[in-house]
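Trainee: Could you take me through how to read the cysteines in a model such as this one, beginning with what the accessibility classes mean?

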Amino acid sequence: MVGSNCTQATEFSLTGFTQDPATQVTLFLMFLLVYLFTILGNLGMIVLIRGSPQLHSPMYYFLGNLAFVDLCSSTVITPKMLVDFMSERKGIAYAGCVAQVFIFDLFGMTEGCLLAMMAYDRYVAICHPLVYPIIMSPKCCFQLVTGSYLVGLTNGMGQTISMCNLSFCGSSTVDLFFCDISPLIALATSDTTLSHIILRTSAFLFGVSSSLIVLVSYVPIISTILSISSAKGKHKAFSTCASHLTTVSIFYGTSFFMYLKPSSDSSRGGDKWVAVLYTLVTPMLNPLIYSLRNKEVKEALKR
């Protein structure tokens, strides 16, 4: 238990990646380019989908929301990180840390749910094409997207409540480049049992269930694609899924590594670069993956 003379931390220090000035400048320029590509790519995808009638379909409705989520989740982390590269003192106020935890966990879980909904959309389109317009109606798509945001909101509120119940009386140094719930739990000086329960329950209940939806959807999808006799038909069906599978692999792989690994595993140096993959690189790659591999998107870009 924390003693009564405990002074709650009002600010956290972020270790970032390195203390070497030359390396910090290099990383600043690299991550600045990543962020600019992320903004331009995702904003461009949103504008393209809204402005192109041929892209007004369920698949691109989900993709537009994915671009919005990527834009928000990257923006809540990257600008502060870039400022820290150029600052001698890398600090973040307690309220700012709480805000980062809430917003990042909100949009992070929303992205996982959206990827699951996109897998379900591909399942209906490939395995039940005749009833696709009926099942994936505008009302249904709106409900699926709204449900994804509500799940993300539930996760964000849960992790925020978890953090607010923790006491930070000793070290206030977060060994990461942003405020994430896992290193904060490790840093706390109060009982973390409830926080671990909330974190693992949320990861299993929402994260694992959404990944199972992806897995269950792609088993019949692959079976159906293999049964297509035409090579051209196989290629067309597979090309609509390849982009999604690439995004799913990066997002779920890195997320599960960060949040479902044993609590005793504390190799934070490796964790930082794994965190870079799903917080900075994935939001940048998503619009590139979908635009370069998707014929309809490339045609809309030409127009």
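Mentor: Buried means under 20% relative accessible area, exposed means over 50%, and partly exposed covers what lies in between. This is a predicted model, and in it cysteine 164 has a relative accessible area of 43%, so this residue is partly exposed.

Trainee: How many disulfides does the structure hold, and which cysteines are joined?

Mentor: A disulfide is counted when two cysteine sulfur atoms lie within 2.5 Å. The structure holds one, and it joins cysteine 97 to cysteine 179 with an S to S distance of 2.0 Å. Cysteine 97 sits in helix α4 (residues 94–127), whereas cysteine 179 sits in the loop between β3 (173–174) and α7 (181–187), so the bond ties together parts that are 82 residues apart in sequence.

Trainee: Is this disulfide left-handed or right-handed, and are its two cysteines buried or exposed?

Mentor: The torsion about the S-S bond is about -115°, so the disulfide is left-handed. Cysteine 97 counts as buried at 0% relative accessibility, and cysteine 179 is buried as well, with a relative accessible area of 1%.

Trainee: Why is cysteine 141 not bonded to cysteine 140?

Mentor: The sulfur of cysteine 141 has its closest cysteine sulfur in cysteine 140, but the distance is 5.7 Å, which is too far for a bond. Cysteine 141 is itself buried, with a relative accessible area of 4%. Cysteine 164 is likewise in no disulfide, the nearest cysteine sulfur, that of cysteine 97, being 10.0 Å away.

Trainee: What fraction of the whole protein counts as buried?

Mentor: Of its 303 residues, 50% count as buried.

Methods
Residues numbered from 1 in each chain as written. Predicted model: local features only at pLDDT ≥ 70, side-chain atom pairs only at ≥ 80, totals over all residues. Heavy atoms only, no water. Buried < 20%, exposed > 50% of the residue type's maximum accessible area, 1.4 Å probe, protein only. Helix = DSSP H or I, 4+ residues; strand = E, 2+ residues; numbered from the N terminus.
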